[in-house]
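I open the notebook on a new model and start with the ligand. After that come the cavity, the aromatic rings and the backbone.

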Amino acid sequence: MKVVTEIGEYRKLRKGMPSPVGFVPTMGYLHQGHLALVQQARAENKTVVVSIFVNPTQFGPKDDLAAYPRDPERDLALLEKEGTDIVFMPSAEEMYPEGFSSWVEVDKVTDRLEGAFRPGHFRGVATIVAKLFNSVQPHRAYFGQKDAQQLIVIKKMVSDLNMDLEVVAVPTVRDPDGLAMSSRNTYLDPEERKAALVLWNALSLAQELWSKGERNAERLRQEMSALIQKEPRAKIDYVSVADPDSLEELSQIEGTALVSMAVRIGKTRLIDNITLG
Ligand code: AMP
């Protein structure tokens with residue numbers, strides 16, 4: 001495994017890389033969710049490239065950029081075990097040199113949900129992912145279903161800007177009790193960790209009601225919200241039952257629906273989702 005910090009150095013290596021090249025972009029502090037992406041990339045490609053970069057432009061002024069957890073040594077040991085070929089770990093200056101002024105903006109699907117609560121977030125995400133794609137030049141890139149809206153935004157960008165690669169979605173990896181794995185779970189104290197299960201409980205309730213035939217989306221939103229509100233440590237940002245392509249809120253579920261939520265547990269903001277149908 002080789003660790004590369006500069007785009008110029010990576011480009012030299014890229015010329016000799018066996019194809020196809022599979023790429024997993026991450027912000028580090030890796031857990032089994034990230035490793036599931038790496039494992040799938042390993043199974044489907046000749047070369048596996050993983051990036052670790054805590055992207056400052058996707059954090060808002062009130063977000064947790066400075067406090068975002070970091071442990072590069074542990075990350076590298078985990079990636080080595082998974083058979084990663086190259087780890088691309090650029091500095092902030094390498095990705096955003098002085099005078100940087102070009103941005104990628106994906107309209108419409110970024111207006112809702114995470115986009116509505118985190119202004120500028122997806123502009124930062126789309127820009128860094130476009131820069132990473134241009135630098136890494138992968139044939140396939142792997143993203144978690146955990147960040148469902150991010151996946152939609154990246155797919156739209158790749159299609160609209162004719163980027164020559166395949167975006168692969170990987171199912172959400174959960175702790176045994178159902179909590180979706182996230183680097184941010186490390187912020188939770190033991191009481192908050194228990195309270196955080198309310199996200200999975202609400203999603204499970206939606207799944208159960210849907211399985212019994214409930215197709216009224218507002219009813220699902222209400223039932224999930226009521227369940228979350230019973231947990232005193234939880235504060236809802238949004239609870240959504242939306243069209244999985246446009247992300248518009250549904251009144252009636254006819255085909256598939258993306259059920260998603262953002263809930264703050266103490267100071268930690270958690271997101272999760274499932275797809276119905
Ligand atoms: P992050 O480091 O949080 O930016 O995440 C990097 C990638 O890992 C993104 O594509 C995430 O969607 C994915 N990811 C994060 N958590 C999970 C999880 N629990 N299961 C599957 N993929 C995940």
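I looked up which element gives the largest share of the shell around the ligand, and H2 leads with three residues. I note that the model is predicted.

Next I listed the whole shell. I find that 17 residues surround the ligand. The closest are Met27, His34, Asp147, Val173 and Met181. I then sorted the shell by class. Eight residues are nonpolar, seven are polar and two are charged.

I went on to the polar contacts of the ligand. I took Asp147 first: an N or O atom in the side chain of Asp147 sits 2.6 Å from an oxygen atom of the ligand. With Gly144 I find a backbone N or O atom at 2.9 Å from a ligand oxygen. With Val173, a backbone N or O atom is 2.9 Å from a nitrogen atom of the ligand. I then checked how much of the ligand is covered. On its own the ligand has 490 Å² of accessible area, and the protein covers 92% of this. I also asked which elements give two or more residues to the shell. They are strand E2 (21–26), helix H2 (32–44) and strand E5 (140–144).

Cavities came next. I searched the whole structure and found one cavity of 30 Å³ or more. The largest cavity holds about 50 Å³ of space. I wrote down its lining: Lys146, Leu179, Ala180, Ser182, Asn185, Leu199, Leu270, Ile271 and Asp272. Which strand gives the most to this lining? I find that it is E9 (residues 268–276), with three residues. By class, I count five nonpolar, two polar and two charged residues in the lining.

I turned to the aromatic rings. How many aromatic pairs does the structure hold? I get nine. I picked Phe23 and Phe133 for a closer look. Their ring centres are 6.3 Å apart and their planes stand at 75°, so I log the pair as edge-to-face. The angle decides this, because planes over 60 degrees apart count as edge-to-face. I also placed the two rings. Phe23 belongs to strand E2 and Phe133 to helix H6 (residues 121–136), so the pair ties together parts 110 residues apart in sequence.

Last, I checked the backbone. I kept in mind that most peptide bonds are trans and that most residues other than glycine have a negative phi. I flagged the peptide bond from Ser19 to Pro20, which is cis with omega near -5°. I located Pro20 in the loop between helix H1 (7–14) and E2. I also flagged Tyr29: it is not a glycine, yet its phi is positive, about 55°. I located Tyr29 in the loop between E2 and H2.

Notes
Residues are numbered from 1 along each chain as its sequence is written. This is a predicted model: local features need pLDDT of at least 70, side-chain atom pairs count only at pLDDT 80 or more; totals for chains, interfaces and linings use all residues. Side-chain values use heavy atoms; hydrogens and water are left out. A residue is near a molecule or strand if one of its heavy atoms lies within 4 Å of it. A polar contact is a pair of N or O atoms within 3.5 Å; within protein, one must be able to donate a hydrogen and the other to accept it, and residues adjacent in sequence count only if both atoms are side-chain atoms. Accessible areas come from the Shrake-Rupley method with a 1.4 Å probe; for residues, only the protein chains shown count as cover. Helices (H or I, at least four residues) and strands (E, at least two) are DSSP runs, numbered from the N terminus. Ala, Val, Leu, Ile, Met, Phe, Trp, Tyr, Cys and Pro count as nonpolar, Asp, Glu, Lys and Arg as charged, and the others, Gly among them, as polar. On a 1 Å grid over the protein atoms alone, a cavity is a set of points where a 1.4 Å probe fits but cannot get out, and a pocket is an open set with protein on both sides within 12 Å along at least five of seven lines; lining residues have an atom within 4 Å of a point. Grid points are joined across faces, edges and corners, and a volume is the space filled by probe spheres set on the points. Rings of Phe, Tyr and Trp (its six-membered ring) pair if their centres lie within 6.5 Å; planes under 30 degrees apart count as stacked, over 60 as edge-to-face and the rest as tilted.
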